[in-house]
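Please find below a short note on the model, set out as numbered points. It may be read with the sequence and the structure side by side.

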Amino acid sequence: MAAHATTRGVLADEHAEKRAEIIDLLTQAYWMELETVLNYLACSINPDGVRAQEIRESLAEDVEEELGHARQFGERIKELYGIVPGSLEFHAEQATLQPPESQIDLAHVIEGVIAAETGAIEHYNRIIEATDGVDWVTQDMVIAILHDEQRHRRLFEGYLREFAS
Ligand SMILES: [Fe+2]
Ligand SMILES: [Fe+2]
């Protein structure tokens, strides 16, 4: 804890409980980003076929961006006096982003990406709501990250239109 607590905002003593809640939400976001990094990395390597190249390159770029998000979540956890966890606390959840049976099944990959981005969008909206009026800094950071995820989701919805047709 801070040696000299502030009297206003998320670092104030009166918001200790709220701060713990925000750290939990940020920790969940941190894991979501890292699981996305794992799966986007695999999906940037596995797909075969003429049409796979665009998707692979796009996901290879996203790996860097999602890792950057994980880093931001981790830094914010620390600033709020939380501890960034180690890998033994990790629980995988992204069932839809597992490699398809066929490595030319790009629709499966694209739908998995859209599901991951949708999950992130929902969770980040939750953080924006939970921080409202208390932790503007976290809220501001998560709004910017939410914008990135909405952009990712829209891009892959565009890909799906092509691959589903
Ligand atoms: Fe992200
Ligand atoms: Fe994303």
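The points that follow take up the basis of the model, the metal sites and the nonpolar cores.

1. This is a predicted model, in which local features need pLDDT of at least 70 and side-chain atom pairs count only at pLDDT 80 or more, while totals for chains, interfaces and linings use all residues. Residues are numbered from 1 along each chain as its sequence is written, chains are lettered from A and ligands numbered from 1 in the order in which they are written, and side-chain values use heavy atoms, with hydrogens and water left out.

2. The iron ion (ligand 1) is held at 1.9 to 2.3 Å by Glu33 (OE), Glu33 (OE), Glu66 (OE), His69 (ND1) and Glu149 (OE), where donors are N, O and S atoms within 2.8 Å of the metal (3.2 Å for Na, K and Ca), and water is not among the atoms, so the site may look incomplete. Along the sequence these donor residues are spaced E-x32-E-x2-H-x79-E. Within this set, His69 in helix H2 (residues 52-79) and Glu149 in helix H4 (residues 136-163) are 80 residues apart and link distant parts of the chain; helices here are DSSP runs (H or I, at least four residues), numbered from the N terminus.

3. For the iron ion (ligand 2), the protein donors are Glu66 (OE), Glu117 (OE), Glu117 (OE), Glu149 (OE) and His152 (ND1), at 2.0 to 2.3 Å, and their spacing along the chain is E-x50-E-x31-E-x2-H. Glu66 in helix H2 and Glu149 in helix H4 are 83 residues apart, a further pair that links distant parts of the chain. The two iron ions, ligand 2 and ligand 1, are 3.9 Å apart, with Glu66 coordinating both.

4. Are the donors buried or exposed? Both Glu66 and Glu149 are buried, a term that means under 20% relative accessible area (exposed is over 50%, partly exposed in between; 1.4 Å probe, protein chains only). The relative accessible area is 1% for His69, and Glu149 likewise has 1%.

5. The largest nonpolar core (buried Ala, Val, Leu, Ile, Met, Phe, Trp, Tyr and Cys residues joined through side-chain atoms within 4.5 Å) has 23 residues, and Leu26, Phe73, Tyr124, Ile127 and Val142 have the most contacts inside it. Helix H1 (16-43), H2, helix H3 (106-131) and H4 each supply at least two of its residues, the largest share, seven residues, coming from H1. Apart from this core lies another, of 17 residues, among them Cys43, Ala52, Ile55 and Val109.

6. Leaving aside residues up to four places away in sequence, Tyr124 touches Ala29, Glu33, Phe73, Val142, Ile145, Leu146 and Glu149, contact being heavy atoms within 4.5 Å. Among these neighbours, Glu33 and Glu149 also coordinate the iron ion (ligand 1).
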